[in-house]
Amino acid sequence: MIKNDLFLRALKGETVQRPPVWMMRQAGRYLPEFMELRKKYDFFTRCQTPELASEITVQPIRRYGMDAAILFSDILVIPQAMDIEVEMKPNFGPYLPNPIRSKADLDRVIVPDIQDTLGYVMDAITMTKEKLNDEIPLIGFAGSPWTILCYCVEGQGSKSFDKARGFCFTQPEAAHALLQKITDTTIAYLKAKVEAGVNAVQVFDSWGGMLSPTDYQEFSWKYIQQIVDALKDLAPVIVFGKGCWFALKEMAESGASAVGVDWTCSPKNARYLTGGKVTLQGNFDPARLLSPPEVIKKMVHQMIREFGKDKYVVNLGHGILPQIPLENAKAFIDAVKEYKE
């Protein structure tokens, strides 16, 4: 049994004394103890070495005592497993030297055996669970098929992913075939994570907001729905789409246990658009963690009041920024722990 099960209770919609709190990207780049490891090991070595991934996962828990841990990894381990080369270049970000731009390119993409290709992630889960000692739940995650496609086709990060969108609109058959391969791999991957011991899973649709509402349904949402359908009876599923307020109604009706909200959608609108029937997660602007600690605490308390303490998980509206001062991250977590109605 998990000793602090606030997070899991909130996902079930149970009444709680205060909402649980964790932060997207909490395991990583704003922590000095993470920076020390980054000096010694490159990015994918950190992801692929279970001892390192599990240590990075528990670093923020030791420091701040969040109500849930999220396994340190990256969404791009999926294309790597599918025989698509992915590099992480310093001061540049992800780089895929052989992007998928045609049906011929697609033929070399495999749906892999998860234990063969991503067994190291399962080993990291086992080690992390030992370190957490059932104190708090562990979250596993994956990128949405559309978000993964964006990198596979573009070949790198982008502000608009024009090549990825162009691929979908000029070669829809190839795009859907690629999306289905990614979806099948992601379902197998998340199922393996649940079997290895994660208590919940989150699907990150980081680039969903690049699509129009109509195109979102065709090229992103229907694949996320497949993932939710495949996982929801095995573990709670959180769906988070950045810039996807227009899809909150579908997300709320999908069978997901919770829906993540970014900072561009007010708590009131998020509750309205989801019909008040699903747990919401979010949505503090990550850049607002640059405000003074006393301002952060006031804003967090206001945010909880607007969302309501039940059916709610306190989080940021996207990942924590690297330059956030440690005391400001602490103020965010402490504000939730100190919250009283």
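**Note on backbone outliers, helix crossings and ring pairs**

1. Asp134 sits in the loop between H7 and strand S4 (138-143). The model is predicted. Phi of Asp134 is near 60 degrees, a positive value in a residue other than glycine. Most residues other than glycine have a negative phi. Is Asp134 buried or partly exposed? At 32% relative accessibility, Asp134 counts as partly exposed, because buried requires a value under 20% and exposed a value over 50%.

2. Asn91 also calls for a look. Its phi is positive, about 60 degrees, although Asn91 is not a glycine. Asn91 lies in the loop between strand S2 (87-89) and strand S3 (93-95). Its relative accessible area is 88%, so Asn91 is exposed.

3. Next, a peptide bond. Gly282 and Asn283 are joined by a cis peptide bond, with omega at about -15 degrees. Most peptide bonds are trans. Asn283 belongs to strand S8 (residues 279-284).

4. H7 returns in a helix pair. Helix H4 (residues 50-64) and helix H7 (residues 114-132) have axes that come within 8 Å and cross at roughly 45 degrees. That makes H4 oblique to H7, because the angle is not under 35 degrees, the cut-off for roughly parallel, and does not reach the 65 to 115 range for roughly perpendicular. The crossing of H4 and H7 is right-handed.

5. Which residues of H4 and H7 meet? From H4 come Pro50, Glu51, Ala53, Ser54, Glu55, Thr57 and Val58. From H7 come Tyr120, Asp123, Ala124, Met127, Thr128, Lys131 and Leu132. Sorted by class, the contact of H4 with H7 holds seven nonpolar, three polar and four charged residues.

6. The second helix pair is H8 with H10. The axes of helix H8 (residues 145-154) and helix H10 (residues 172-196) come within 9 Å and cross at roughly 120 degrees. H8 is therefore oblique to H10: roughly perpendicular covers 65 to 115 degrees, and roughly antiparallel needs over 145. This crossing of H8 and H10 is right-handed.

7. On the H8 side, the contact is made by Pro145, Trp146, Ile148, Leu149, Cys152 and Val153. On the H10 side, Ala175, Leu178, Leu179, Ile182 and Thr183 take part. What is the class make-up of the contact of H8 with H10? There are 10 nonpolar residues, one polar and no charged ones.

8. Now the rings. A pair of aromatic rings is described by the distance of the centres and the angle of the planes. With a centre cut-off of 6.5 Å, the count comes to 13 aromatic pairs. In one of them, the ring centres of Phe204 and Phe240 are 6.2 Å apart and the planes stand at 80 degrees, so the pair is edge-to-face. It links distant parts of the chain, 36 residues apart: Phe204 is in strand S5 (residues 200-205) and Phe240 in strand S6 (residues 237-241). Phe204 and Phe240 are both buried.

9. Trp245 and Phe246 form another pair. Their ring centres are 6.0 Å apart and the planes meet at 75 degrees, over the 60-degree limit, so this pair is edge-to-face. Trp245 counts as exposed, because its relative accessibility is 51% and the cut-off is over 50%.

10. Last, a ring cluster. Which residues are linked into a cluster by ring pairs? They are Phe34, Phe43, Phe44 and Phe72.

Terms used. Residues are numbered from 1 along each chain as its sequence is written. This is a predicted model: local features need pLDDT of at least 70, side-chain atom pairs count only at pLDDT 80 or more; totals for chains, interfaces and linings use all residues. Side-chain values use heavy atoms; hydrogens and water are left out. Axes are lines fitted to C-alpha atoms, for helices over the stretch in contact, and angles run from 0 to 180 degrees between N-to-C directions. Helices (H or I, at least four residues) and strands (E, at least two) are DSSP runs, numbered from the N terminus. A crossing is left-handed if the near helix is turned anticlockwise from the far one by less than a right angle, and right-handed if clockwise. Contact means heavy atoms within 4.5 Å. Ala, Val, Leu, Ile, Met, Phe, Trp, Tyr, Cys and Pro count as nonpolar, Asp, Glu, Lys and Arg as charged, and the others, Gly among them, as polar. Rings of Phe, Tyr and Trp (its six-membered ring) pair if their centres lie within 6.5 Å; planes under 30 degrees apart count as stacked, over 60 as edge-to-face and the rest as tilted. Buried means under 20% relative accessible area, exposed over 50%, partly exposed in between (1.4 Å probe, protein chains only).
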